[in-house]
Amino acid sequence: MPNTPALVGEGMSAVSPNKNISSSESAVIEKIFNSFGKCEIVPENLMNAVTAVSGSSPAYVFMMIEAMADAAVMGGMPRSQAYTFAAQAVMGSAKMVLETGKHPGELKDMVCSPAGTTIDAVAALESEGFRYAMIKAMAACMEKSKKLG
């Protein structure tokens with residue numbers, strides 16, 4: 001199961017080979033899926049979670065980028081430039097998670113200076129239920145995925 005970022009060579013795919021697939025066949029399947037991003041083997045019972053965390057999540061990220069750009073436009077930035085800044089910030093942040101191996105909370109804390117602008121923004125997101133909304137959305141996605149499966 002790939003996701004739409006596969007269109008730009010950055011997909012995240014999950015494969016769940018069963019007992020009828022040999023290890024050499026599984027290796028070929030992984031090689032194919034890794035050719036347009038990254039691939040991991042997951043047990044079949046995690047496919048609903050995969051749907052929420054990578055299959056549907058590009059939509060969540062696109063919404064966040066759009067909202068970030070809208071705010072930058074409110075601040076006077078041209079829209080096309082706002083999309084570039086927002087998208088690059090998301091891509092760079094994701095790369096930091098993948099390449100540093102640091103916990104996302106630790107990386108967040110590295111950006112939040114005491115009494116700074118970022119911690120105020122984080123507090124505003126938390127007061128609006130940012131994490132809860134994300135978790136609830138993904139739980140809804142998983143629930144629907146179970147019903148469809």
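L125 is partly exposed, because its relative accessible area of 42% falls between the two limits, which are under 20% for buried and over 50% for exposed. The residue sits in helix 6, which covers residues 117-127. Everything here describes a predicted model.

**A nonpolar patch**

L125 does not stand alone at the surface. Together with M64, M68, F130 and M134, L125 forms a nonpolar patch. The accessible area of these residues together is about 390 Å². Which elements give two or more residues to the nonpolar patch? They are helix 3 (57-74) and helix 7 (130-148).

**The chain as a whole**

Now step back to the full chain. The protein chain has 149 residues. Its secondary structure comes to seven helices and two strands. Along the sequence, these elements follow the pattern β-α-β-α-α-α-α-α-α. So the pattern opens with a strand, then a helix, then a strand, and the rest are helices.

The C-alpha trace spans about 55 × 30 × 30 Å along its principal axes. The accessible surface of the protein chain is about 10,500 Å². Carbon and sulfur atoms account for 64% of that surface. Buried residues make up 21% of the chain.

How do distant parts of the sequence meet? Take contacts between residues at least 6 apart in sequence. Of these, 56% join residues at least 24 apart. A87 and V61 give a case of sequence separation set beside distance in space. They are 26 residues apart in sequence, and their C-alpha atoms are 9.2 Å apart. A87 lies in helix 4, residues 79-100. With a relative accessible area of 31%, A87 is partly exposed.

**The start of helix 3**

S57 belongs to helix 3, the helix that runs over 57-74. Is S57 buried or exposed? S57 is buried, because its relative accessible area is 15%, and the limit for buried is under 20%. Its side chain reaches the backbone oxygen of V53 at 2.8 Å. S57 also touches T51 and A52, once neighbours within four places in sequence are set aside.

**One aromatic pair**

A pair of aromatic rings is described by the distance of the centres and the angle of the planes. The structure has one aromatic pair. The partners are F33 and F36. Their ring centres are 5.5 Å apart, and their planes stand at 55 degrees. Why does the pair count as tilted? The angle of 55 degrees makes it tilted, because planes under 30 degrees apart count as stacked and those over 60 as edge-to-face.

The two residues fall on opposite sides of the limit for buried. F33 has 19% relative accessibility, so F33 counts as buried. F36 has a relative accessible area of 22%, so F36 is partly exposed.

**Salt bridges**

How many salt bridges does the structure hold? It holds five. The table lists some of them, including the N to O distance.

| Acidic residue | Basic residue | N to O distance |
|---|---|---|
| D70 | R79 | 2.7 Å |
| D109 | K108 | 3.0 Å |
| E126 | R131 | 2.5 Å |

How accessible are the partners? Begin with R79 and D70. R79 is partly exposed, with a relative accessible area of 36%. D70 is partly exposed, at 33%.

Next come D109 and K108. D109 has a relative accessible area of 47%, so D109 is partly exposed. K108 is partly exposed too, with 31%.

Last in the table are E126 and R131. E126 is partly exposed, with a relative accessible area of 34%. R131 counts as partly exposed at 48% relative accessibility.

**An unusual backbone angle**

A115 lies in the loop between helix 5 (104-111) and helix 6. What is the phi of A115? It is positive, at about 60 degrees, although A115 is not a glycine. A115 is exposed, because its relative accessible area is 81%, and the limit for exposed is over 50%.

Technical notes: Residues are numbered from 1 along each chain as its sequence is written. This is a predicted model: local features need pLDDT of at least 70, side-chain atom pairs count only at pLDDT 80 or more; totals for chains, interfaces and linings use all residues. Side-chain values use heavy atoms; hydrogens and water are left out. Patches are made of residues with over 30% relative accessible area and no salt bridge: like charges are joined within 9 Å, nonpolar side chains (Val, Leu, Ile, Met, Phe, Trp, Tyr) within 5 Å. Accessible areas come from the Shrake-Rupley method with a 1.4 Å probe; for residues, only the protein chains shown count as cover. A salt bridge is a side-chain nitrogen of Lys or Arg within 4 Å of a carboxyl oxygen of Asp or Glu. Helices (H or I, at least four residues) and strands (E, at least two) are DSSP runs, numbered from the N terminus. Buried means under 20% relative accessible area, exposed over 50%, partly exposed in between (1.4 Å probe, protein chains only). Rings of Phe, Tyr and Trp (its six-membered ring) pair if their centres lie within 6.5 Å; planes under 30 degrees apart count as stacked, over 60 as edge-to-face and the rest as tilted. A polar contact is a pair of N or O atoms within 3.5 Å; within protein, one must be able to donate a hydrogen and the other to accept it, and residues adjacent in sequence count only if both atoms are side-chain atoms. Contact means heavy atoms within 4.5 Å.
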